[in-house]
Amino acid sequence: MSRLRITEIFFSLQGETRTAGLPTVFVRLTGCPLRCSYCDTAYAFQGGHWHEIDDILRQVAEYGAHYVTVTGGEPLAQKACLELLTRLCDAGYEVSLETSGALSVSEVDQRVVKVIDLKTPASLEVTKNDYQNMHYLLPHDQIKFVICNREDYEWAKKMMEEYSLAAHCQVLFSPSHEQQPAGELADWILQDRLPVRLQIQLHKYLWGDAKGR
């Protein structure tokens, strides 16, 4: 039976994406091949505990929520993540996957909302982006750019144009917390009339930590 190494399973409000503010169960998988400069979940790089997928589904069901987010670390670094995503969809949840975009999303169940965090230059991991993933985007998917400075902003605009991202899915611009002022980023978006959604990390404004509580 398939197993996954899990850092935590918890219930909170979704802090990002188009479901921000909605009660959500988070399944945080352990491990990540990237080391982004702004990472706020380094505690998930190692450790964790092995769980059977059936056990994960039982824990998720205990919260009685409709939305489930599978995150990390980098969840796709564990092959059994694909099975977990499909099983969650089969159970009737609305499922999102938060992934770095460094690993292929080609086998992800098409019912899953893929939230791909395309790495900007200031992340120090821009060379890890797998741009083939842009070809697997569906209308319900989302591309996120964490913006650390003006260079990141200009790079993100270039990527939007090169891959016609706004025509394929929703594009999210997120200011790096305590690094890029959100108001300044909002001004840039308005000046350039970009068809993107500005998002802030709601959970950090509510509770001041990475996971929400």
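Here are some short exercises, each with a worked solution, on the predicted model above.

**Exercise 1. Classify two aromatic pairs**

Decide how the rings of F11 and Y63 are arranged, then do the same for Y153 and F173.

*Solution.*

Step 1. Let us start with what to look for. A pair of aromatic rings is described by the distance of the centres and the angle of the planes.

Step 2. The structure holds seven aromatic pairs. In one of them, F11 and Y63, the centres are 5.4 Å apart and the planes make an angle of 20°. Planes under 30 degrees apart count as stacked, so F11 and Y63 form a stacked pair.

Step 3. Now place this pair on the chain. F11 belongs to strand β1 (residues 3–13), while Y63 is in the loop between α1 (53–61) and β4 (67–71). The two are 52 residues apart, and their pair links distant parts of the chain.

Step 4. Check the surroundings of each ring. F11 has a relative accessible area of 35%, so F11 is partly exposed. Y63 has 34%, so Y63 is partly exposed too.

Step 5. Turn to Y153 and F173. Their ring centres are 5.9 Å apart and their planes stand at 90°, so this pair is edge-to-face. Y153 is in helix α3 (residues 150–163) and F173 in strand β8 (residues 170–175), 20 residues apart. Both Y153 and F173 are buried.

Step 6. Finally, look for further links. F145, Y153, W155, F173 and W188 are joined into a cluster by ring pairs.

**Exercise 2. Find charges over rings**

Which rings do R35 and R150 lie over?

*Solution.*

Step 1. Begin at R35: it lies over the face of F45, 3.7 Å from the ring centre.

Step 2. Move on to R150. Its charged end sits over the ring of W188, 4.7 Å from the centre. W188 is also a member of the ring cluster from the previous exercise.

**Exercise 3. Explore the nonpolar cores**

Which residues of the largest nonpolar core touch the most other members, and which helix gives the most to this core?

*Solution.*

Step 1. The largest nonpolar core has 48 residues, and those that touch the most other members are V27, V70, L84, L88, I143, F145 and F173.

Step 2. Helix α2 (residues 81–90) gives the most to this core, with six residues.

Step 3. Zoom in on V70. Leaving out residues up to four places away in sequence, V70 touches several residues, including V27, L84 and L88.

Step 4. Another core lies apart from the largest one. This second core has nine residues, among them F45, A102, V146 and C148.

**Exercise 4. Read the faces of helix α5**

Work out where the buried residues of α5 point and what they pack against.

*Solution.*

Step 1. List the buried residues: in helix α5 (residues 182–192) these are L185, W188 and I189.

Step 2. Look down the helix axis. The buried residues of α5 fall within an arc of 95°, so they line one face of the helix.

Step 3. Recall a rule about helices. An α-helix has 3.6 residues a turn, so residues three or four places apart point the same way.

Step 4. Compare the other side of α5, where L190 and Q191 are exposed.

Step 5. Identify the partners. The buried residues of α5 pack against β7 (142–147), α3, β8 and β9 (197–198).

Step 6. See what comes next along the chain: R193 follows α5 and has a positive phi, near 50°.

**Exercise 5. Compare three residues**

Is each of R87, E184 and S174 buried, partly exposed or exposed, and what does each one contact?

*Solution.*

Step 1. R87 is in helix α2. With 29% relative accessibility, R87 is partly exposed. Its side chain makes a polar contact with the side chain of D54, at 2.5 Å. Beyond four places in sequence, R87 touches I53, D54 and L57.

Step 2. E184 is in helix α5. E184 has a relative accessible area of 37%, so E184 is partly exposed. The side chains of E184 and Q180 make a polar contact at 2.9 Å.

Step 3. S174 is in strand β8. Its relative accessible area is 2%, so S174 is buried. Not counting neighbours within four places in sequence, S174 is in contact with E16, K144, F145, V146, I147, L185 and Q199. One of these, L185, is among the buried residues of α5.

Notes: Residues are numbered from 1 along each chain as its sequence is written. This is a predicted model: local features need pLDDT of at least 70, side-chain atom pairs count only at pLDDT 80 or more; totals for chains, interfaces and linings use all residues. Side-chain values use heavy atoms; hydrogens and water are left out. Rings of Phe, Tyr and Trp (its six-membered ring) pair if their centres lie within 6.5 Å; planes under 30 degrees apart count as stacked, over 60 as edge-to-face and the rest as tilted. Helices (H or I, at least four residues) and strands (E, at least two) are DSSP runs, numbered from the N terminus. Buried means under 20% relative accessible area, exposed over 50%, partly exposed in between (1.4 Å probe, protein chains only). A charge sits over a ring if NZ of Lys or CZ of Arg is within 6 Å of the ring centre and within 35 degrees of the ring normal. A nonpolar core is a set of buried Ala, Val, Leu, Ile, Met, Phe, Trp, Tyr and Cys residues joined through side-chain atoms within 4.5 Å. Contact means heavy atoms within 4.5 Å. The arc is that of the directions from the helix axis to the C-beta atoms. A polar contact is a pair of N or O atoms within 3.5 Å; within protein, one must be able to donate a hydrogen and the other to accept it, and residues adjacent in sequence count only if both atoms are side-chain atoms.
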